[in-house]
Amino acid sequence: MAVLRSSHRRYSEYRAKLKERRRNKEADDGGSFHSSGPERKKPHKRSRSFFKLFVLFWGLLAEHRRMLVVALATLGVSTLLGLIPLYGTKIVFDSVLRENRLPGRLPYGMHLPFSNLFEISHNGPFDVAHDRRALLTFVAVAMVLLTAAAELFGLWSRWQATRMTKRVQVSVRKRVFDHAVRLPLHRVYELKSGGVASILREDAGGVADLIFSMLYNPWRAIVQLLGSLVVLAFVDWRLLLGSILLLPTVWLTHRTWIGRIRPIFRDIRNTRQGMDSHATEAFGGMRVVRSFSRQQAEAATFTTTGHLMARQEILAWWWMRGIDVAWSILIPVASALLLFFGGMRVLSDMERIRAGLITPAQALTVGDLVMFLAYLAALLGPIATLASSATALQNSLSGLDRVLDLLAEPLEMPNKPDAITVTRDAVAGAITIESLSFTYAGTVNPVLHEINLEAKPGEIVALVGPSGAGKTTLCNLIARFYDPTIGSIKLDGVDLRDITVESYRRLLGIVEQDTFLFDGTIAQNIAYGRRGATMQEVTRAAQLANADEFVAKLKDGYDTLIGERGVKLSGGQRQRLTIARAILADPRILILDEATSNLDTESERLIQGSLHMLMAGRTSFVIAHRLSTIAHADKIVVLENGHAVQQGRHEELMQTSGRYRDMVDLQTAPPAPPKRPTREQPEDAFAA
Ligand SMILES: Nc1ncnc2c1ncn2[C@@H]1O[C@H](COP(=O)(O)OP(=O)(O)OP(=O)(O)O)[C@@H](O)[C@H]1O
Ligand SMILES: [Mg+2]
């Protein structure tokens, strides 16, 4: 396929873009990916800094914070408990296994049972093998008990944190869903259904994992680090200093590597969103795909995007491996260095004791060194886990970034603070359109120009005009799917912008040009028009919409499941269901956009009757191509290229020669025989 760009090319382009983005970023914030300074407004979407993401994430946790603090405190206790047994190694090496026992150097104020054994040990002669065994047993039992206690506490806090993860997952998904359904329509169309699904499932779902990767695990590492440092400080400050030197290394790896991964993960998620929305669309439009035999092309598009994603993932993999390799080298090297320098000191201290320069209590012992190693392992372990989970963290953070982008998008028509709420009973239903012009977002040319129109309560206004004239657009504005660019629409003299959107829309009943039904039963679809409608009301609405008859013929009647998009019904049947849905809503303002266009003449006539009844007492806007169906309207507006060229009743418009009369004449006149292109004079290229 010529139009399909290979994934390799797309990937090269992607790498170039990535490099450029990095260069720009380095130019603006000195290369730091962690600048916590104020965010500059940028035209392009920029990854937020780690600090900012952290603060925003904390904000998302609002109602879970207290539980989280309890869980983290328990984790702290558990981690500290887990550190104590390591001290046992020193006791065993220095007070049990050594020829000349040393007094236990415990932190002040701590008393171990058996502490008399330490005393005895110093006095040499009463060195009883039995005591040593007792101490060894005590140390071993204490180690097991402490570890078990630490494990229990740890399990409890992990359970709490996991439960919280699930709760946060649900609440973040809910927020994203709530926000996404309130986005302006043009944004919803841009996101596409598959794209929204992708953000909801992958990104919003992954946000909750941040509880572990950003709070739980780092907290454990910090407690372990501080606890170990305190213990090590008692042993030997010089070795301690050496281990502290490791910390900048952690920071450096983070700065150079990890920060670069997040943008890549973000892009991978973007690519996945594209794939998801493409797949959803391809399957949604499967009939078109098949009827033009484009299955293979669709599969190819899907596959190349898949390849691109694979390439991006491999790129991220390399960055991740870099960190892993660095750490898997660092830990053994650090241990070896410690062993070497510590061993050297133990040896030199032994010589100094023999020379009488220091007392045995001042010397670094084998026990100290072994304990030190144990603590170092305890220290480096969590840091290494942190480092390797840092990539997972970056992945979740990139999801959070995208979720926050979505949540930051302005909602559809935010209600003004002093917006009023309207109710069905208090509203008369007069709609006044005043010098309204409208341009779709993202386009330049106005679709409607200077429209003025008044619909008194209960009047029927018909909108007619050629295809593309702006009839549906005008109805969309009346339904407040969009706000006018210039001018206003008023309900009983109040600008729609001063009314809360939800309360206004509750007054509406709409039958759209493109019928849409949900995946569910027929009864559920009709009942969508009104919450809590009884079965009787549903049946009544279906009868009025002339749908009862065909529903009764179905095996399961109103409980018949209609597939996604209602594919199991004919176009006319679907249209009748949407009419029933609008009838059930019992609206004050009714909008019928080609509501009967899919019906045969007889069904249309039948429904016209019920629609007439329905329109009585409601302000109605009716769009129809078949002009005979709107001849009785109180007002007919002829739209052409976005201008209202004529307005009046049928009789009035028929008396003056104009667009409307031309249209009526055209529809009532017998069709002219089509001109056939002759062989000698092909009319257009296709005939050739
Ligand atoms: N979402 C949109 N974004 C940008 N332009 C749009 C959008 N929807 C419609 N338009 C443009 O607005 C113009 C009017 O469209 P509209 O759907 O209102 O026509 P219509 O009178 O209902 O036509 P039809 O009789 O075929 O349904 C068209 O030129 C169309 O291209
Ligand atoms: Mg239309």
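At what angle do helix H17 (residues 535–544) and helix H19 (residues 571–585) pack? In this predicted model, the angle between H17 and H19 is about 125°, and their axes lie 8 Å apart. Angles of 65 to 115 degrees count as roughly perpendicular and those over 145 as roughly antiparallel; H17 and H19 are therefore oblique to each other. Their crossing is right-handed. On the H17 side, the contact is made by Glu-537, Val-538, Ala-541, Ala-542 and Leu-544, which meet Ala-580, Ile-583 and Leu-584 of H19. Of the residues in this contact, 7 are nonpolar, 1 is charged and none is polar.

The model also contains an open sheet of 6 strands, arranged in the order E6-E9-E10-E3-E11-E12 with mixed pairing. The edges are occupied by strand E6 (508–511) and strand E12 (643–648); each has a single partner strand, so one side of each is left without a neighbour in the sheet. On average, neighbouring strands of the sheet are turned by 15° against each other, direction ignored.

Strands of a sheet pair through backbone hydrogen bonds, in either a parallel or an antiparallel sense. For E6 and strand E9 (residues 589–593), the pairing is parallel and extends over 4 bridges. Within this pairing, Ile-510 has Ile-591 of E9 as its bridge partner.

A further helix, H22 (residues 659–668), lies across three elements of the sheet, namely strand E3 (460–464), strand E11 (635–640) and E12. Relative to E11, H22 runs at about 90°.

Terms used. Residues are numbered from 1 along each chain as its sequence is written. Chains are lettered from A and ligands numbered from 1 in the order in which they are written. This is a predicted model: local features need pLDDT of at least 70, side-chain atom pairs count only at pLDDT 80 or more; totals for chains, interfaces and linings use all residues. Two strands pair if DSSP finds at least two bridges between them. Helices (H or I, at least four residues) and strands (E, at least two) are DSSP runs, numbered from the N terminus. Axes are lines fitted to C-alpha atoms, for helices over the stretch in contact, and angles run from 0 to 180 degrees between N-to-C directions. Two residues are in contact if their C-beta atoms, placed from the backbone, lie within 7 Å. Angles under 35 degrees count as roughly parallel, over 145 as roughly antiparallel, 65 to 115 as roughly perpendicular and the rest as oblique. A crossing is left-handed if the near helix is turned anticlockwise from the far one by less than a right angle, and right-handed if clockwise. Ala, Val, Leu, Ile, Met, Phe, Trp, Tyr, Cys and Pro count as nonpolar, Asp, Glu, Lys and Arg as charged, and the others, Gly among them, as polar.
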